[in-house]
Amino acid sequence: MASQALIRKLEETIENVPDFPIPGIQFKDISPIFLDPKLYEDVIADLVAFSKGKVDAVCGIESRGYLFGIAIAVALEVPFILIRKSGKLPPPVISEEYDLEYGSAVIETREGQIKPGQKVLIHDDLLATGGTTEAAAKLVEKQGATVSQFSFLIGLKDLKGEEKLKKYNAEVYHILEY
């Protein structure tokens, strides 16, 4: 869906930081995108085109999913729902625990903000192993809604996160793939 011009501009803008946060990791620093309002606007337009007319709400995963997710929801004229780390939202909340490489984590959303029957887009900036995104999808389903789409700025194909999302029969989109 993304134009070759947008892909090229993003590839020129996103900085590759070797050995961060640990040796062997090639960190993709997306912060330079926010220094270029036109590029940011183009990214939002592309992500909105993927979801236009297909979703009733957008969920963003803390905190990276907020960077583009709020703007996507505003452009689509649908609600934006926060998915946050445990203990950051006032009760009542719905929680989902998921496994990390070493240990586990919990994410939450406010009870009642996701409505039964809604078609939901889950957005984050990066799809890696898919653990956090899968936990977010479980939060959506616990409230009687359906995940109809997942969107990301970047997908890391070697980490196979997209495999975890197949069970949701939802569209998956990322502008860039590494």
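Me: In which helix is Arg 64 placed, and is Arg 64 buried, partly exposed or exposed?
Reply: In this predicted model, Arg 64 has its place in helix H3. Burial is read from relative accessibility, where the partly exposed class runs between 20% and 50%, and because Arg 64 comes out at 38%, Arg 64 counts as partly exposed.

Me: Which residues does Arg 64 touch, once those up to four places away in sequence are not counted?
Reply: Such a list leaves out sequence neighbours, and for Arg 64 the residues touched are Asp 124, Asp 125 and Leu 126. With Asp 124 there is also a polar contact between the two side chains, at 3.0 Å. The separation along the chain can be set beside the one in space: Arg 64 and His 123 are 59 residues apart along the chain, while their C-alpha atoms are separated by 9.0 Å.

Me: How should I read the largest pocket, and what is its volume?
Reply: A pocket can be read through its volume, its lining and the elements that supply that lining. Here the volume is about 1,400 Å³, and the lining is made up of 36 residues, with Arg 64, Leu 126, Ala 128, Thr 129 and Leu 159 lying nearest the centre. By residue class the lining divides into 18 nonpolar, 7 polar and 11 charged.

Me: Which element gives the most to the lining of the largest pocket?
Reply: Strand S7 (119–127) gives the most, with 4 residues. Among the elements that each supply at least two residues are also strand S5 (93–100), strand S6 (103–110) and helix H4 (131–142).

Me: What span should the 15 residues of H2 have?
Reply: A helix can be checked by comparing an expected span with the separation of its end C-alpha atoms. At 1.5 Å a residue the 15 residues of H2 should span 21 Å, and the end C-alpha atoms are 21 Å apart, so the two agree. After H2 comes Gly 53, whose phi is positive, near 80°.

Me: Which residues of H2 are buried, and what covers them?
Reply: The buried residues of H2 are Leu 39, Val 43, Ile 44, Asp 46, Leu 47, Val 48, Phe 50 and Ser 51, and what covers them includes helix H1 (4–13), helix H3 (64–76), S7, strand S8 (146–155) and strand S9 (171–177). Leu 47 counts as buried because its relative accessibility is 0%. Leaving out residues up to four places away in sequence, Leu 47 touches Phe 68, Ile 72, His 123, Ser 151, Phe 152, Tyr 173 and Ile 175.

Me: Where does Gln 143 lie, and is Gln 143 buried or exposed?
Reply: Gln 143 lies in the loop between H4 and S8, and with a relative accessible area of 9% Gln 143 is buried. Its contacts beyond four places in sequence include Ile 94, Thr 109, Arg 110 and Pro 116.

Me: Which backbone angles deserve a second look?
Reply: Most residues other than glycine have a negative phi, and most peptide bonds are trans. A cis peptide bond joins Phe 20 and Pro 21, with omega about 5°, and another cis peptide bond joins Pro 91 and Pro 92, with omega about 0°. Pro 21 is found in the loop between strand S1 (15–18) and S2, and Pro 92 in the loop between strand S4 (80–85) and S5. As for phi, Lys 160 has a positive value near 60° and is exposed at 55% relative accessibility, while Asn 169 has a positive phi of about 50° and is exposed at 72%.

Note on methods
Residues are numbered from 1 along each chain as its sequence is written. This is a predicted model: local features need pLDDT of at least 70, side-chain atom pairs count only at pLDDT 80 or more; totals for chains, interfaces and linings use all residues. Side-chain values use heavy atoms; hydrogens and water are left out. On a 1 Å grid over the protein atoms alone, a cavity is a set of points where a 1.4 Å probe fits but cannot get out, and a pocket is an open set with protein on both sides within 12 Å along at least five of seven lines; lining residues have an atom within 4 Å of a point. Grid points are joined across faces, edges and corners, and a volume is the space filled by probe spheres set on the points. Ala, Val, Leu, Ile, Met, Phe, Trp, Tyr, Cys and Pro count as nonpolar, Asp, Glu, Lys and Arg as charged, and the others, Gly among them, as polar. Buried means under 20% relative accessible area, exposed over 50%, partly exposed in between (1.4 Å probe, protein chains only). Contact means heavy atoms within 4.5 Å. The expected span of a helix is 1.5 Å times one less than its number of residues. A polar contact is a pair of N or O atoms within 3.5 Å; within protein, one must be able to donate a hydrogen and the other to accept it, and residues adjacent in sequence count only if both atoms are side-chain atoms.
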